[in-house]
Amino acid sequence: MLSPKNLGRDEGSSTSAKLPCDSPLREVRGLDVVKLSKYYPRGSVLFVEGQRPRGVYVLCEGRAKVSISSAEGKTLVLRIALPGDLLGLNSALTGLPHDATVATLENCRIDFVSRADFTKLLDRSKIARVSLSEALSRQLSEVIERARSLLLSQSAAEKLARLLLKWCDELGKPTPQGIRLNHGLTQEEIAQMICSSRETVSRLLTELKLKQIVRLNGTGIYVRNRVALELVAGM
């Protein structure tokens, strides 16, 4: 299990006058009173597996990775959280220890709502209850899709291609060189997303480059031929 690094322990040390960010809680009256905002640098750990929940983290700006790890030290990156996502929601609802670790991939602004205030919001607001039900449903759908991609894909090449296509839709920015994927992950972290090794990811990216399907520029990935990438993905 990962140990905390730059763990955000003082959620209230830097409050903000900004309005609640675009999340399932954005329409709840009183949220701007109970929430606390803070800026976290890249690499900050919000919470780790097994840690007692303190509340809900609302990602307002930036991106974060959600991962789980085994006793042997193997890590699987479940997903990349985007602005509007609620982090630590399940544990805040159940009171059980966090079942995943969340770390920022870039500078982030994050709103924090304590578990006590969060519970009060749910008690008094039907909008909050309905919105959070929808948020949980979306998270479940995303977990199912990730399981489908990992368990039903035939090869590491197919898994990687499917991941790149997903990033094209979620993170892609058209450029003259192709669709730029601003993923912010190392090859080791990409490997953790497809249950593979860094060496395999490096080899597969090189093969895609030689086939002129992608272009590599430092840590950047540009998808030059999406149709060909879909063929690799078996789509």
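**Group meeting talk: two sheets, two cores and a helix**

Okay, let's start with helix α5: at 1.5 Å a residue, its 15 residues should span 21 Å, and the end C-alpha atoms are indeed 21 Å apart, so the two agree. The expected span here is 1.5 Å times one less than the number of residues. Before I go on, this is a predicted model, so local features need pLDDT of at least 70, side-chain atom pairs count only at pLDDT 80 or more, and totals for chains, interfaces and linings use all residues. Residues are numbered from 1 along each chain as its sequence is written, and side-chain values use heavy atoms, with hydrogens and water left out.

Now the overview. The protein chain has 8 helices and 12 strands; these are DSSP runs numbered from the N terminus, with helices being H or I of at least four residues and strands E of at least two. Of its 235 residues, 45% count as buried. Buried means under 20% relative accessible area, exposed means over 50%, and partly exposed is in between, using a 1.4 Å probe and protein chains only.

Back to α5. Which of its residues are buried? Glu158, Lys159, Leu160, Ala161, Leu163, Leu164, Leu165, Trp167 and Cys168. Helix α5 also gives 7 residues to the largest nonpolar core, the largest share. A nonpolar core, by the way, is a set of buried Ala, Val, Leu, Ile, Met, Phe, Trp, Tyr and Cys residues joined through side-chain atoms within 4.5 Å. This one has 28 residues, and Leu160, Leu164, Trp167, Ile190 and Leu229 touch the most other members. The elements giving two or more residues are β5, α5 (156-170), α6 (187-193), α7 (198-210), β12 (220-223) and α8 (226-232).

Have a look at tryptophan 167. Leaving out residues up to four places away in sequence, Trp167 touches Ile80, Gly172, Leu181, His183, Leu185, Ile190 and Met193, where contact means heavy atoms within 4.5 Å. There is also a second, separate core of 14 residues, including Tyr57, Leu59, Val66 and Cys108.

On to the sheets. Strands of a sheet pair through backbone hydrogen bonds, either parallel or antiparallel. For us, two strands pair if DSSP finds at least two bridges between them. One open sheet has 4 strands in the order β2-β7-β4-β5, with antiparallel pairing. Its edge strands are β2 (45-47) and β5 (75-81), each pairing on one side only. Inside this sheet, 4 bridges join β4 (residues 64-69) to β7 (residues 101-104); alanine 64, for instance, has threonine 104 in β7 as its bridge partner.

The other open sheet of 4 strands runs β1-β8-β3-β6, again with antiparallel pairing. Here β1 (36-40) and β6 (86-87) stand at the edges with a single partner strand each, so one side of each has no neighbour in the sheet. Strand β3 (residues 55-61) pairs with β6 over 2 bridges, and tyrosine 57 has leucine 87 in β6 as its bridge partner. Tyr57 is also in that second core.

Last stop, two loops. Cysteine 195 sits between α6 and α7, and its phi is near 55 degrees, a positive value in a residue other than glycine. Buried or exposed, or partly exposed? Cysteine 195 is partly exposed, with a relative accessible area of 49%. Glutamine 212, in the loop between α7 and β11 (214-217), has a positive phi as well, near 60 degrees. That's my tour, thanks!
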